[in-house]
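Q: Could you take a close look at one helix and its surroundings for me? I am in my first year, so please go step by step.

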Amino acid sequence: MKAKIKALVSLLIVLSISHALVQTAVAESESGEQAAQTVRFMSYNIRHGQGDDDKFDLNRTADVIKKSNAEIVGLQEVDNNWSARSEFLDEAKKLSELLGMEYAFIANLEQTAGNGQSEPRQYGTAVLSKYPIKDSRRHPLPKIEDSSEPRGLLEATIDVGGTDITVFNTHMSIIAGERVVQIKELAGIAGKKSGPVVFMGDFNAKPNTFEMRPLMRNYNEAFRGKNALTAPTSKPASQIDFILFNNDFELLSSEVLQTIASDHLPVTAQLRIKGKVTD
């Protein structure tokens, strides 16, 4: 009888341990799915790494991104071998190395190599991602004045836990009339995309302006109805930096981060891909 009781107790212990292991595995699986399908985005005009204190420090820029826990980042005013102001760095590549993230870069301005340099001088926008970047491309944006700065739209396809999301990143013109045609072009490009879509960038326009209507009317904005002043850093007076998204996302939270690492404040948004998470 004692032997039977002992055997039964041993069996119950084994079953209990097995159940605990299964529950742990399920919990870990659900946690992993939650992490894979909930994404923290950041949009940040980094001013080529020059802070509001006029000091160039790309490591400080990287620290801001790291502390934000952002997983997909849209960067504007990014230098690539541009000049001594940014130590002739390939800034997108350098930031990707510092942060352990993949990157895509497009040049909106390109000039011949400077004295003592072999690579062309480039200035544009970039996307950093902790998830695989499957594809990226540049869409040129229209101008109405020949003398104005060329602008472009960076489109990246990113695999987030098996779901492809389209990320757009841009830096719009300082001329209102150009922004009207540029945003119309952007909205037309994005309108052809299916699945989750996110826009990030320095739009050089406030939320209630005429040129922003095509986006504000058809997409969700991370700070709608909230005070989200982003520029200038020393005394923020306007929101011109945005994260917008389509209805395939649910907004969980949004935040303007305080830092002097640029003349703009970075914005973040925690988004969940709808229909992909098991609660």
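A: Here is a walk around helix H2, followed by one of its neighbouring helices and a residue from a neighbouring strand. Please keep in mind that this is a predicted model.

Let's start at the beginning of the helix. H2 covers residues 58-68, and its N-terminal end is capped by aspartate 57. In that cap, a side-chain oxygen of aspartate 57 sits 3.2 Å from the backbone nitrogen of asparagine 59. At the other end, just after H2, comes asparagine 69, with a positive phi of about 65 degrees.

Now for the residues of H2 that are hidden away. Leu58, Arg60, Thr61, Ala62, Val64, Ile65 and Ser68 are the buried ones. What covers them? The cover includes four strands, S1 (38-45), S2 (72-80), S4 (121-129) and S12 (267-273), together with helix H3 (91-99).

H3 deserves a visit of its own. Its buried residues are Glu91, Ala92, Leu95, Ser96 and Leu99. Looking down the axis of H3, you would find these buried residues within an arc of 135 degrees, so they line one face of the helix. A general rule is handy here: an α-helix has 3.6 residues a turn, so residues three or four places apart point the same way. The buried residues of H3 pack against H2, S2, S4 and strand S3 (102-111). After H3 comes glycine 100, and its phi is positive too, near 65 degrees.

Next, let's go to S1, one of the strands covering the buried residues of H2. Arginine 40 is located in this strand. Is arginine 40 buried or exposed? Its relative accessible area is 13%, and the cut-off for buried is under 20%, so arginine 40 counts as buried. Its side chain makes a polar contact, at 3.2 Å, with the side chain of threonine 268.

Arginine 40 also ties together several places we have already met. Leaving aside residues up to four places away in sequence, the residues it touches include Ser68 and Asn69. Ser68 is one of the buried residues of H2, while Asn69 is the residue with positive phi just after that helix. Further contacts of arginine 40 include Ala70, Glu71 and Ile72, and also Ser253, Glu255, Ala269 and Gln270.

So when you turn the model, try starting from the cap at aspartate 57, then follow H2 along its buried residues to Ser68, and finish at arginine 40, which touches Ser68.

Methods. Residues are numbered from 1 along each chain as its sequence is written. This is a predicted model: local features need pLDDT of at least 70, side-chain atom pairs count only at pLDDT 80 or more; totals for chains, interfaces and linings use all residues. Side-chain values use heavy atoms; hydrogens and water are left out. Buried means under 20% relative accessible area, exposed over 50%, partly exposed in between (1.4 Å probe, protein chains only). Helices (H or I, at least four residues) and strands (E, at least two) are DSSP runs, numbered from the N terminus. Contact means heavy atoms within 4.5 Å. A polar contact is a pair of N or O atoms within 3.5 Å; within protein, one must be able to donate a hydrogen and the other to accept it, and residues adjacent in sequence count only if both atoms are side-chain atoms. The arc is that of the directions from the helix axis to the C-beta atoms.
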